[in-house]
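Hi everyone, thanks for coming. I'd like to walk you through a structure that's new to most of us, so let's put it up on the screen.

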Amino acid sequence: MIIGTGIDIIEVERIREAVEKNDKFLEKIFAPTELKYIAERQNNIQTIAGLFAAKEAVSKALGYGIRDYGWQDLVIDHDEFGKPVVVLYQKAKLVAEQKQIEMIEISITHLKENAMAIAVANGMEREGNISGEVEKRQLSDDEQWITKTMVGDILPCRKKESHKGTFGKIGVVAGSMGMTGACYLASLSALRSGSGVVYNIVPKSIAHILEIKLTETITKKTEDLNKGYFSIAGLPDIKKALENVEVVLLGPGIGIDKERMQVIKAIMEHTRKPMIIDADGINCLQDEPELLKKREGTTIITPHPGELATILGVHTSDIQSDRVKYALEASKKFGVITVLKGNETIVCDDEGRVYVNPTGNPGMATAGSGDVLAGIIASLLGQKVGAFRAALAGVYLHGLAGDYAALEKGEYSLIAGDILEQLPLAISNTMQTKIDY
């Protein structure tokens, strides 16, 4: 359970001036172990600034700032792998005990001009809502919680000889006039989750918008006859673009009508590559949901209750009355992995495996949140972690990023972009120590 967070950014030049003007500065701020670490790095000013920012971030995570204890009560040590770890002494340790803080995780980065640190103070581990307000419900014998340890084991180590092609080429078939944000959020979340290359496969009429909004993706324009949405006329362009990708994310913000239903059908029949079908991609299957069963290749669907009700031919209230039952029904009926979104997102497959996600909060019920989730899952699938495992890790990281965002912005003010911003922290705080030598 997260009890507090702290972020600090410091100008490296300010630290340089402090060191040069006060020969006692280092001894005042840093403990002997820290001074030794600094000396081993030839008094590198970026290192000093990073450690200073880390101390400030830790003090903020404790909720006090540097006032009830001394600088040397907060020590930034390093483990055998060089990872920074926080050690508390005297009054700082007492404050942590009073707040039931068991561990403080720290991340430090320093550039030429600035150093930044992020600290997260954790209490007793609870695989439920990060705020600690909701206790875990009792699961049935057929259900299991997704845990932090499980997801940490899923996320792959990055080998030193890796290149961008190592981490997957994702094709995001998404967007329409007025819904470019869906493609933007899905594509950027795929990149933030580790994808090496992301292609925006979009109607020609909206391509210029995505090219302005996204500078790190590759835009593939498809003929749309100036309609502003995917057209049958653009199918040759779509099929050609899909030749260069390894995973397809289909559906966010594409809209729905008879023509787009035909486009979705043609794409599903054309490629056997692993596919995540989200949002309007699912809605476009309302007349022929059996296309999911006929499709050759791994398929993950990520519906909200209304979308699942559409392809199962039931009411949304039915879905909500027994979410596990209907999620399993969809997986077994269509031969897909189902990610049923909502409070305690369900992940299941046609073998009967059922996992429940404990992370997330009501603030995430906002436009674009599902696009971010779809992008994360697509990214992990492209990194070869396996479809079911990609879905498990994706929903956990998505919810955790949302929980971090709620801590910073509050549930009322949370938007999908806030979830995106917190993805790096969610990933780094979930991964186990994995260093490739």
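Okay, start with helix 4, residues 45-62, which lies across strand 1, strand 4 and strand 5. Relative to strand 1, helix 4 runs at about 145 degrees. Keep in mind that what we're looking at is a predicted model.

So what's that helix lying on? Strands 1, 5 and 4, in that order, make up an open sheet of 3 strands, and the pairing is antiparallel. At the edges you've got strand 1, residues 2-11, and strand 4, residues 103-110, each of them pairing on one side only. On average, neighbouring strands in this sheet are turned by 10 degrees against each other, if you ignore direction.

Let me zoom in on one of those pairings. Strand 4 and strand 5, residues 114-122, run antiparallel and are joined by 8 bridges. If you want a spot to look at, find Thr109: its bridge partner in strand 5 is Met116.

Hang on to Met116, please. Together with Ile7 and Ile9, Met116 forms a nonpolar patch on the surface, with about 260 Å² of accessible area between the three of them. Ile9 sits in strand 1, and at 54% relative accessibility Ile9 counts as exposed.

Now, is there anything charged around here? Side chains of opposite charge can pair when their charged atoms come close. Over the whole model the count is 15 salt bridges. One of them brings us right back to the helix: Asp8 pairs with Lys60, and their closest N and O atoms are 3.1 Å apart. Because Asp8 is in strand 1 and Lys60 is in helix 4, this salt bridge ties together parts that are 52 residues apart in sequence. Which partner is buried and which is partly exposed? Asp8 is buried, with a relative accessible area of 10%, while Lys60 is partly exposed, at 38%.

Let's hop further along the chain to another pair. Arg272 forms a salt bridge with Glu296, again with the closest N and O atoms 3.1 Å apart. Both ends are in loops: Arg272 in the one between helix 10 and strand 11, Glu296 in the one between helix 12 and strand 12, and the two residues are 24 apart. Here Arg272 is exposed, with a relative accessible area of 61%, and Glu296 is partly exposed, at 47%.

Two more on the charged side. Asp418 and Lys409 form a salt bridge, with 3.0 Å between the closest N and O atoms. Asp418 is buried, at just 7% relative accessible area, whereas Lys409 is partly exposed at 35%. And then there's a network of salt bridges that links Asp349, Glu351 and Arg353.

Last stop, and for this one we go back towards the start of the chain. Strand 2, residues 74-78, and strand 3 pair in the antiparallel sense over 5 bridges. They form a hairpin with 5 residues between them, and in the turn Gly82 has a positive phi of about 85 degrees. One pair to pick out is His78, whose bridge partner in strand 3 is Pro84.

So which residues of strand 3 are on the covered face, and which on the uncovered one? Pro84, Val86 and Leu88 make up the covered face, and Val85 and Val87 the uncovered one.

That's my tour, thanks for listening!

Key:
Residues numbered from 1 in each chain as written. Predicted model: local features only at pLDDT ≥ 70, side-chain atom pairs only at ≥ 80, totals over all residues. Heavy atoms only, no water. Buried < 20%, exposed > 50% of the residue type's maximum accessible area, 1.4 Å probe, protein only. Helix = DSSP H or I, 4+ residues; strand = E, 2+ residues; numbered from the N terminus. Pairing = 2+ DSSP bridges. Axes fitted to C-alpha atoms, helices over the stretch in contact; angles between N-to-C directions. Contact = heavy atoms within 4.5 Å. Salt bridge = Lys/Arg side-chain N within 4 Å of Asp/Glu carboxyl O. Patch = residues over 30% accessible without salt bridge, like charges linked within 9 Å, V, L, I, M, F, W, Y side chains within 5 Å. Areas by Shrake-Rupley, 256 points an atom, 1.4 Å probe, with all protein chains shown as cover.
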